[in-house]
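Here are my notes on the model you sent over, as numbered points. Have the structure open while you read.

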Amino acid sequence: KAFDKAVGDYDFVERLAALFMVASSADLTLTDDELESAIDHIKDTLDTLGSERNARVIVHRGMAAAVGIEDFIDDTVDIFANYLSVGARYNIYRQMLEVASADDDLNEDEKDRITDIGEQWFDDEDNSVQLQYPDDFFDD
């Protein structure tokens, strides 16, 4: 109940979608591949939750909130830090990297934005959390 109260009018999945959108558009572009990757990740999350909601609508709602509501992303980062486990936050961190790199171009602006979020979520005691992709991530 405390989590539901904290997230307010935008639930977990919508806030997750907003993080994907902010991470993948940090370079001021959002490619079709990044958008589709975000939708796919949201679909997976909805499936896990047993929800039949429309992932595309949720991603667009999250994007609108991220752009239109002052401090929405900062609030989302704080809410997730306070209510989600380190493991859950790490999975979201990795998913943000996957969405932002869906166009095979994880550029410095996207890396910096995602790393900024990661640094707010993980402290030095979480030394098992690696805030970068492995060097061979893009090797086929």
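1. Start with H2 against H5: in this predicted model, their axes come within 10 Å and cross at roughly 120 degrees. That angle lies outside the 65 to 115 band for roughly perpendicular and is not over 145, so H2 and H5 count as oblique to each other. The crossing of H2 past H5 is left-handed.

2. Who does the touching there? On the H2 side you'll find Phe12, Arg15, Leu16, Ala18, Leu19 and Val22, and they meet Phe72, Ile73, Asp75, Thr76, Val77, Ile79 and Phe80 of H5. Sorted by class, the contact of H2 with H5 has 10 nonpolar residues, one polar and two charged.

3. Now turn to H2 and H3, which cover residues 12-24 and 32-49. They pack at an angle of about 160 degrees, and their axes are 10 Å apart. Anything over 145 counts as roughly antiparallel, and H2 and H3 are therefore in that class. H2 goes past H3 in a right-handed crossing.

4. For that contact, H2 supplies Phe12, Val13, Leu16, Ala17, Phe20, Met21 and Ser24, while H3 supplies Glu34, Leu35, Ala38, His41, Ile42, Thr45, Leu46 and Leu49. The class split for H2 with H3 is 11 nonpolar, three polar and one charged.

5. Stepping back to the whole chain: it has seven helices and zero strands, so to speak an α-α-α-α-α-α-α run from the N terminus on. Of its 140 residues, 43% are buried. Among contacts with a separation of 6 or more, 72% join residues 24 or more positions apart.

6. Which residues touch the most other members of the largest nonpolar core? Leu19, Ile42, Met96 and Trp121 do, in a core of 39 residues. The elements giving two or more residues to this core are H1 (2-7), H2, H3, H4 (55-68), H5 (72-83), H6 (86-100) and H7 (108-121). H2 gives the largest share, nine residues.

7. Met96 deserves a click of its own. Skip its neighbours within four places in sequence, and methionine 96 is in contact with Leu19, Phe20, Ala23, Ile114, Ile117 and Trp121. Two of the names in that list, Leu19 and Trp121, also appear with Met96 among the core residues that touch the most other members.

8. Next, Glu110, which is found in helix H7. Is this glutamate buried or exposed? Its relative accessibility is 0%, so glutamate 110 counts as buried. Leaving out neighbours within four places in sequence, glutamate 110 is in contact with Ala23, Ser24, Ala26, Asp27, Glu34, Ala100 and Asp105. Three acidic names are in that list, Asp27, Glu34 and Asp105, which you may want to look at yourself. Along the chain, glutamate 110 and serine 25 are 85 residues apart, yet their C-alpha atoms are separated by 7.1 Å.

9. His41 sits in helix H3. With a relative accessible area of 13%, histidine 41 falls under the 20% cut-off and is therefore buried. Not counting residues up to four places away in sequence, histidine 41 touches Phe20, Gln95, Glu98 and Val99. Phe20 also turned up among the contacts of methionine 96. The C-alpha atoms of histidine 41 and valine 59 are separated by 9.9 Å, with their positions 18 residues apart along the chain.

10. Two backbone spots to look at, both in loops. Leucine 28 is in the loop between H2 and H3, and its phi is near 70 degrees, a positive value in a residue other than glycine. The side of the story that accessibility tells: leucine 28 has a relative accessible area of 79%, so it is exposed.

11. The other spot is aspartate 71, in the loop between H4 and H5. Aspartate 71 isn't a glycine, but it has a positive phi of about 65 degrees. Where does it fall on the scale from buried to exposed? Aspartate 71 is partly exposed, as its relative accessible area is 43%.

Terms used: Residues are numbered from 1 along each chain as its sequence is written. This is a predicted model: local features need pLDDT of at least 70, side-chain atom pairs count only at pLDDT 80 or more; totals for chains, interfaces and linings use all residues. Side-chain values use heavy atoms; hydrogens and water are left out. Axes are lines fitted to C-alpha atoms, for helices over the stretch in contact, and angles run from 0 to 180 degrees between N-to-C directions. Helices (H or I, at least four residues) and strands (E, at least two) are DSSP runs, numbered from the N terminus. Angles under 35 degrees count as roughly parallel, over 145 as roughly antiparallel, 65 to 115 as roughly perpendicular and the rest as oblique. A crossing is left-handed if the near helix is turned anticlockwise from the far one by less than a right angle, and right-handed if clockwise. Contact means heavy atoms within 4.5 Å. Ala, Val, Leu, Ile, Met, Phe, Trp, Tyr, Cys and Pro count as nonpolar, Asp, Glu, Lys and Arg as charged, and the others, Gly among them, as polar. A nonpolar core is a set of buried Ala, Val, Leu, Ile, Met, Phe, Trp, Tyr and Cys residues joined through side-chain atoms within 4.5 Å. Buried means under 20% relative accessible area, exposed over 50%, partly exposed in between (1.4 Å probe, protein chains only).
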